Protein chains: 2
Amino acid sequence: MTTLTVALGPRSYPIHIGTGLLGRRELLAPHLAGSQVMVVSNETVAPLYLDRLAPALEGCAWDKVVLPDGEQYKTLEVLNRIFDALLARRFARDATLIALGGGVVGDMAGFAAACYQRGVPFVQIPTTLLAQVDSSVGGKTGVNHPLGKNMIGAFYQPRCVIIDTVTLDTLDDRQLRAGIAEVIKYGLLRDAPFFNWLEGNMDALLARDRTALAHAIERSCRNKAEIVAADELERGQRALLNLGHTFGHAIETGLGYGTWLHGEAVAAGMCMAAEMSRRLGWLGEEERRRILALVRRAGLPTRPPGTISVARFLELMAVDKKVRAGRLRLVLLRRIGEAVLTADFDETVLRESIEASGREG
Amino acid sequence: MTTLTVALGPRSYPIHIGTGLLGRRELLAPHLAGSQVMVVSNETVAPLYLDRLAPALEGCAWDKVVLPDGEQYKTLEVLNRIFDALLARRFARDATLIALGGGVVGDMAGFAAACYQRGVPFVQIPTTLLAQVDSSVGGKTGVNHPLGKNMIGAFYQPRCVIIDTVTLDTLDDRQLRAGIAEVIKYGLLRDAPFFNWLEGNMDALLARDRTALAHAIERSCRNKAEIVAADELERGQRALLNLGHTFGHAIETGLGYGTWLHGEAVAAGMCMAAEMSRRLGWLGEEERRRILALVRRAGLPTRPPGTISVARFLELMAVDKKVRAGRLRLVLLRRIGEAVLTADFDETVLRESIEASGREG
């Protein structure tokens with residue numbers, strides 16, 4: 001087991017990464033505020049892993065709330081089912097929520113924890129690669145709105161993140177690939193050596209080689225933890241973690257949540273950001289090709305869906321949390337391993353980049 | 001105009017109290033993050049005061065969302081209308097929300113601000129006495145759940161509170177009295193001289209004497225600001241502000257939100273707390289009588305509604321944010337001017353106090 005720390009002063013917390021961690025009571029127990037525990041999971045994950053988690057909850061007054069599986073259920077309405085469950089059990093402010101599932105479960109359980117009685121503790125137990133390398137760490141929680149992705153939420157840190165890599169054994173290939181998109185993101189935005197490593201080890205990752213996966217998870221979490229520690233509330237560099245996300249969120253909202261997986265949309269979004277970065281003269285054509293090649297090798301889309309027009313893209317991108325004073329700001333690439341947040345571009349270039357991304361491979 | 005400060009370090013903010021403040025741009029402008037402003041109000045207040053606020057918003061890209069009036073609309077579902085309005089206008093993270101209305105509007109606009117894009121600035125412009133003396137100050141925001149009052153929310157401080165006492169001119173008597181309940185609360189829990197003053201000036205308050213009202217508002221806000229500054233997140237003494245509220249919330253939830261006004265329920269709740277404090281031997285009978293007499297003179301209920309059984313009361317009170325490790329904690333009175341948060345009582349006494357409160361005047 002490896003343990004990393006997200007250093008946030010009094011709100012610092014550990015990320016435990018290893019195999020067979022799910023049932024280990026000693027990892028969980030220090031982070032439970034009282035004896036009441038509500039496990040939030042979904043219809044796919046609960047039947048697979050709730051039993052394995054149970055030993056770690058022995059002696060607790062625990063219950064579960066099982067949500068439907070999929071991004072289309074990450075809504076205020078479904079969130080309310082968590083509150084219903086907590087109140088039906090009369091759980092108090094010293095109850096602890098546990099998110100057992102992927103990014104959707106983690107985002108919703110975290111947001112429910114942020115809001116229930118104005119804040120109760122919560123623990124992340126991510127079971128998808130995407131949640132393990134990205135969404136379970138850093139305290140971004142929330143739900144979608146029909147007009148915009150992740151538009152309603154809170155910054156609310158978990159007390160602990162427990163990553164049991166055994167859960168990846170049951171993850172389907174499409175979900176695994178979606179997680180790899182966020183792994184590639186870290187290489188692109190701040191860790192060129194990791195990008196190089198990914199170029200050499202993509203086949204191993206796709207073959208679910210345990211050592212390769214463990215390295216990818218640890219390296220991703222390390223990158224994430226560093227950025228979050230430096231900028232918890234996204235006043236600056238944390239925004240760089242949104243590389244590919246403004247394009248990606250437009251794809252998710254435009255197609256309808258759950259049509260493309262989040263990681264798939266981010267993959268195409270990173271390729272679009274690369275295209276735009278090249279057009280601005282920042283990124284070399286060879287680097288752009290390396291990025292597209294790696295994304296393609298991961299079995300991820302390099303192009304946006306053909307059904308979203310350029311005009312619709314621009315409209316969808318106008319609702320983005322990085323907009324300031326009416327200006328859209330985008331995370332673009334100076335080179336592989338260096339990203340910048342910038343509003344310093346002409347809309348024409350953005351428009352042409354979207355167009356070209358749809359055409360090219 | 002008087003200006004108080006809620007001292008919370010980098011999140012400190014002013015409370016401006018005076019007449020004719022609504023249209024004063026210089027009070028509002030420093031607290032707007034960008035040019036986008038969404039005014040959240042309700043069907044009663046918007047027609048009365050939106051026009052007076054408008055001059056302060058000149059030059060802003062502002063819009064309004066008008067909610068139905070009443071505690072029964074303080075729900076997650078109605079909250080979503082604020083998000084709909086913000087996203088329909090594509091308001092960004094540098095938009096500012098303004099709450100123009102009573103406690104329900106303030107709680108909902110504040111919670112919407114806490115959650116929209118994970119947090120945008122907001123300003124409180126309370127237009128009821130209750131909101132002016134209590135709910136607009138201190139950053140408690142949220143909505144109700146059918147099973148419990150204020151169960152979903154956030155601690156989220158406004159950037160500024162602007163109290164224009166002119167708005168009280170249109171407040172109906174019942175609402176005015178409900179506000180006085182929270183005024184009495186400050187005297188009871190920590191400010192005996194203020195309680196004495198209220199005994200001498202209740203008639204003036206009810207007659208809407210401007211000087212008396214201004215004093216009551218300022219003194220209440222001063223008490224509230226001190227407590228919030230000392231204990232923003234209710235780890236300790238802030239809980240004392242809940243005097244009468246555990247009983248009161250049970251009344252509100254039990255009758256259905258909006259049947260009794262919040263202040264009415266708190267008034268009866270304070271009398272119930274006084275009864276229980278007397279039974280525990282903490283409060284003298286004479287003091288209890290003084291409390292009931294003042295509440296009665298304010299035209300407020302001193303007894304809970306007869307339709308809620310003792311068993312139902314206990315059930316409703318079990319869902320309270322002050323419950324810890326399965327123990328209900330209550331704010332009770334040592335004497336007029338001194339409250340304590342305690343779990344040190346027998347349920348029999350609680351039961352008998354509820355019973356007796358229903359019987360006695």
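Trainee: What does helix H4 of chain A lie across, and at what angle does it run to S5(A)?

Mentor: In this predicted model, H4(A), residues 103-115, lies across S3, S4, S5 and S6 of chain A. It runs at about 170° to S5(A). Angles go from 0 to 180 degrees between N-to-C directions, so a value of about 170° says that the helix and the strand point in nearly opposite directions.

Trainee: And what is the order of the strands in that open sheet of chain A?

Mentor: Seven strands, S1-S2-S9-S6-S5-S3-S4, with mixed pairing.

Trainee: Why are S1 and S4 of chain A said to stand at the edges?

Mentor: Strand S1 (2-6) and strand S4 (61-67) of chain A each have a single partner strand, so one side of each has no neighbour in the sheet. As for the twist, neighbouring strands here are turned by 15° against each other on average, ignoring direction.

Trainee: What makes S6(A) and S9(A) a pair?

Mentor: Two strands need at least two bridges to count as paired. S6 (122-126) and S9 (160-164) of chain A have two bridges, in the parallel sense, so they meet the cut-off. As an example of a bridge, Gln124(A) has Val161(A) as its partner in S9(A).

Trainee: Which strands does helix H2 of chain A touch?

Mentor: H2(A), residues 45-53, packs on the sheet and touches S3 (36-42), S4, S5 (96-101) and S6 of chain A. Its direction makes about 150° with that of S3(A).

Trainee: Over to chain B. How do you know that S3(B) and S5(B) pair?

Mentor: Same test: at least two bridges. S3 (36-42) and S5 (96-101) of chain B run parallel and are joined by four bridges, so the pair passes. Val37(B), for instance, stands opposite Thr96(B) in S5(B).

Trainee: What packs on the sheet of chain B?

Mentor: H3(B) does, touching S3 and S4 of chain B, with its direction at about 160° to that of S4(B). Helix H8 (residues 210-230) of chain B also packs on the sheet, touching S1, S2 (13-18) and S9 (160-164) of chain B, and makes about 20° with the direction of S1(B).

Trainee: Why are the buried residues of H12(B) said to be on the same side?

Mentor: In H12(B), residues 310-317, the buried ones are Phe313(B), Leu316(B) and Met317(B). To be called buried, a residue must have 20 or more other C-beta atoms within 10 Å of its own. The three cover an arc of only 95° around the axis, which is why they fall on the same side of the helix. Their cover includes helix H9 (245-255) and helix H13 (347-359) of chain B.

Trainee: How do you know how the two copies are related?

Mentor: A rotation of 180° with 0.0 Å of shift along its axis superposes chain B on chain A, with an RMSD of 0.0 Å. The two copies are therefore related as by a two-fold rotation axis.

Trainee: Why do you say the copies meet through the same surface?

Mentor: Because 100% of the interface residues of chain B are interface residues in chain A too. Each chain brings 29 residues to the contact. On the side of chain B that touches chain A, H3 (76-88), H4 (103-115), S7 (140-145) and S8 (148-155) of chain B each supply at least two residues, and S8(B) gives the most, six. By class, that side has 16 nonpolar, seven polar and six charged residues.

Technical notes: Residues are numbered from 1 along each chain as its sequence is written. Chains are lettered from A and ligands numbered from 1 in the order in which they are written. This is a predicted model: local features need pLDDT of at least 70, side-chain atom pairs count only at pLDDT 80 or more; totals for chains, interfaces and linings use all residues. Copies are superposed by least squares on the C-alpha atoms of residues with pLDDT of at least 70 in both. Two residues are in contact if their C-beta atoms, placed from the backbone, lie within 7 Å. Ala, Val, Leu, Ile, Met, Phe, Trp, Tyr, Cys and Pro count as nonpolar, Asp, Glu, Lys and Arg as charged, and the others, Gly among them, as polar. A residue is buried if 20 or more other C-beta atoms lie within 10 Å of its own, exposed if 12 or fewer, and partly exposed in between; C-beta atoms are placed from the backbone. The arc is that of the directions from the helix axis to the C-beta atoms.
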